[in-house]
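This report is meant for a reader meeting the structure for the first time. Please keep the sequence and the view at hand while reading.

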Amino acid sequence: MNVVNDIHSRLNETTVDEIVPVDSLESIGSALARAHATGRPVSIAGGRHAMGGQQFCSGGVVLDTRGMSRVLALDEVRGLVEVEAGIQWPALVDALADTPWAIRQKQTGADDLCIGGAVSANVHGRGLAYGPFVSDVESLVVVGLDGVARTCSRDENRDLFRLVCGGYGLFGAVYSATLRLGRRRKLERVVRLAHASEIEELFAERVEGGYLYGDFQFEIDPASPGFLQHGICSCYRPVPDDVPLGAVTRLSAADWSRLLQLAHWDKTRAYEVYAAHYLATSGQTYLSDRHQLATYVPGYHWSGSSEMISELYVPRPLLADFLAAAARDLRALEADVVYGTVRLIERDDETVLAWALEPWACTVLNLHVEHTPAGIERAAGAFRRLIDLALERGGSFYLTYHRWATRGQLLAAYPQLPAFLAAKRANDPGELLQSDWYRWLRSTVELEAAA
Ligand SMILES: Cc1cc2nc3c(=O)[nH]c(=O)nc-3n(C[C@H](O)[C@H](O)[C@H](O)COP(=O)(O)OP(=O)(O)OC[C@H]3O[C@@H](n4cnc5c(N)ncnc54)[C@H](O)[C@@H]3O)c2cc1C
């Protein structure tokens, strides 16, 4: 027996039967066959950052994909790279460093995330006019439950492609992904302080002005009138290639660690320090790929607590209204906000379990969670309230985090869930690929309905 957990929230301690490292197509096929023969369910894990048990299955076999980390092919003419699904962002960014090509987007806040995890959660970064990650995927090689490897794309095995992207590892193991790259650019960071009421217009101006990336990181102190209202708007615009990179001011790992402590104990001071740092970096030049890499401080919590993240979506004209309501309710619920940011997403018309149903404004909130029944319930209640606020405004929420949404919230945000679950049963009647998140989803959506 082995005990596993997710990296960030550490709220998903799971006892699994076996962890099987895989490093090739063949090893995936034989691991699936062996699990099938022994009647054990299989979950697939990459960087283990999902926070609702999407990568683990109690009593099952975990395929640990991190050994599949090679770059398989680079098409320098078309800007396509084929990588094994266990490769993580820093290795991919480094592998492309001597070419004119660069990744287009990655998640913010952490780097030790695998491409298989990015495909399966259909992630996004801080691109101002980007759709979710599926738009960066040209094709996939997926090992099915029969052990057969199939290429899937918009032209070949299209239904499988639409299910695997954003399908949380339930429709096959991604062996490799061919990704669409962008030309590496130099970008200037432009920073100003802003109020939530200006952000929709400010982001629209930035997009109009050709800026490629941006976000609005807001105040986190509920005692301040600026809570979720005032923030740092940082956007990145292309500059000519001959602009020198120069020396840049950046936060060290120790600075990040101090900031994280302040974000727990002196939230106004944390914001002041963070804002002063960002304002000092306005005008600095970055590379379009490296500026997306992040410093992740592992294990900064005292034991028995951590953070949980959620991401809420609303139509862009309702962002300011949503943030005002969220500030009011998070204060009332005494939620402990440690970090928050807003960014944009374009619509995803391709995946079955699409979350980006509209060109939305995305609000990310990290809440501190004490690992006691009362502490967990306090965070869960706050996130359920945030989901309600988003739904009341015609919005939605992201599934890659906790398992705290209600059945009504799940179905309101994801009306396609019954079809997704039916496709799962049709593709995998024996439910070889499972996770604790899948078991929760299935029972919440289907068994509660039957009752
Ligand atoms: C600090 C932090 C910051 C984050 N920031 C963002 C962000 O900015 N944007 C965003 O969109 N998300 C963000 N996330 C969420 C994160 O991107 C997703 O949870 C992502 O799936 C994690 O990737 P991973 O490699 O850790 O995968 P894991 O957690 O190991 O797995 C996640 C899912 O992918 C599946 N999977 C992994 N590899 C494969 C494979 N080879 N084949 C099939 N299925 C596979 C797993 O079964 C599971 O369902 C963040 C999470 C954290 C903790």
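## The surroundings of serine 310

Leaving aside its neighbours within four places in sequence, serine 310 is in contact with Leu365, Phe383, Leu386, Phe397, Tyr398, Tyr401 and His402. The model is a predicted one, and in it serine 310 belongs to strand E17, which covers residues 305-315. Is serine 310 buried or exposed? There are 24 other C-beta atoms within 10 Å of serine 310, and 20 or more are needed for a residue to count as buried, so serine 310 is buried.

A further relation links serine 310 to a distant part of the chain: methionine 51 lies 259 residues away along the chain, yet the C-alpha atoms of the two residues are separated by 9.7 Å.

## Three domains

The protein is divided into domain 1 (2-65 + 415-450), domain 2 (67-183) and domain 3 (186-409). Between the centres of domain 1 and domain 3, taken over C-alpha atoms, there are 29 Å, and 17 residues of domain 1 are in contact with 13 residues of domain 3. On the side of domain 1 that touches domain 3, helix H11 (417-427) and helix H12 (436-450) each supply at least two residues, with H12 giving the most, namely five residues. By class, the residues on this side of domain 1 divide into eight nonpolar, seven polar and two charged.

## The shell around the ligand

Where does the ligand shell lie with respect to the domains? Domain 1 and domain 2 both give residues to the shell around the ligand, so it lies between them. There are 33 residues around the ligand, of which Gly46, Gly47, Gly116, Gly117 and Gly169 come nearest.

At least two residues of the shell are supplied by each of strand E4 (42-45), helix H3 (115-121) and strand E11 (173-180), and H3 gives the most, with four residues. The shell is made up of 13 nonpolar, 19 polar and one charged residues.

## A parallel sheet with a helix packed on it

Strand E4, which supplies residues to the ligand shell, is also part of an open sheet of three strands, in the order E3-E5-E4 and with parallel pairing. Strand E3 (18-21) and E4 stand at the edges, each with a single partner strand, so one side of each is left without a neighbour in the sheet. From one strand to the next, the twist averages 25 degrees.

Over four bridges, E3 pairs in the parallel sense with strand E5, residues 61-64, and valine 20 stands opposite leucine 63 in E5. Helix H1, made of residues 25-37, packs on this sheet and touches E3, E4 and E5, while its direction makes about 180 degrees with that of E5.

## Strand E9 and its two partners

Strand E9, residues 137-143, is mostly covered, since five of its seven residues are buried. E9 pairs with E11 in the antiparallel sense over six bridges, and valine 137 stands opposite leucine 179 in E11. The partner E11 is also among the elements that supply residues to the shell around the ligand.

E9 also pairs in the antiparallel sense with strand E10, residues 149-153, over five bridges, and here serine 139 stands opposite serine 153 in E10. These two strands, E9 and E10, form a hairpin with five residues between them, and glycine 147 in the turn has a positive phi of about 85 degrees.

Definitions and conventions. Residues are numbered from 1 along each chain as its sequence is written. This is a predicted model: local features need pLDDT of at least 70, side-chain atom pairs count only at pLDDT 80 or more; totals for chains, interfaces and linings use all residues. A residue is near a molecule or strand if its C-beta atom, placed from the backbone, lies within 6 Å of it. Ala, Val, Leu, Ile, Met, Phe, Trp, Tyr, Cys and Pro count as nonpolar, Asp, Glu, Lys and Arg as charged, and the others, Gly among them, as polar. Domain bounds come from an automatic or database domain assignment. A residue is buried if 20 or more other C-beta atoms lie within 10 Å of its own, exposed if 12 or fewer, and partly exposed in between; C-beta atoms are placed from the backbone. Two strands pair if DSSP finds at least two bridges between them. Axes are lines fitted to C-alpha atoms, for helices over the stretch in contact, and angles run from 0 to 180 degrees between N-to-C directions. Two residues are in contact if their C-beta atoms, placed from the backbone, lie within 7 Å.
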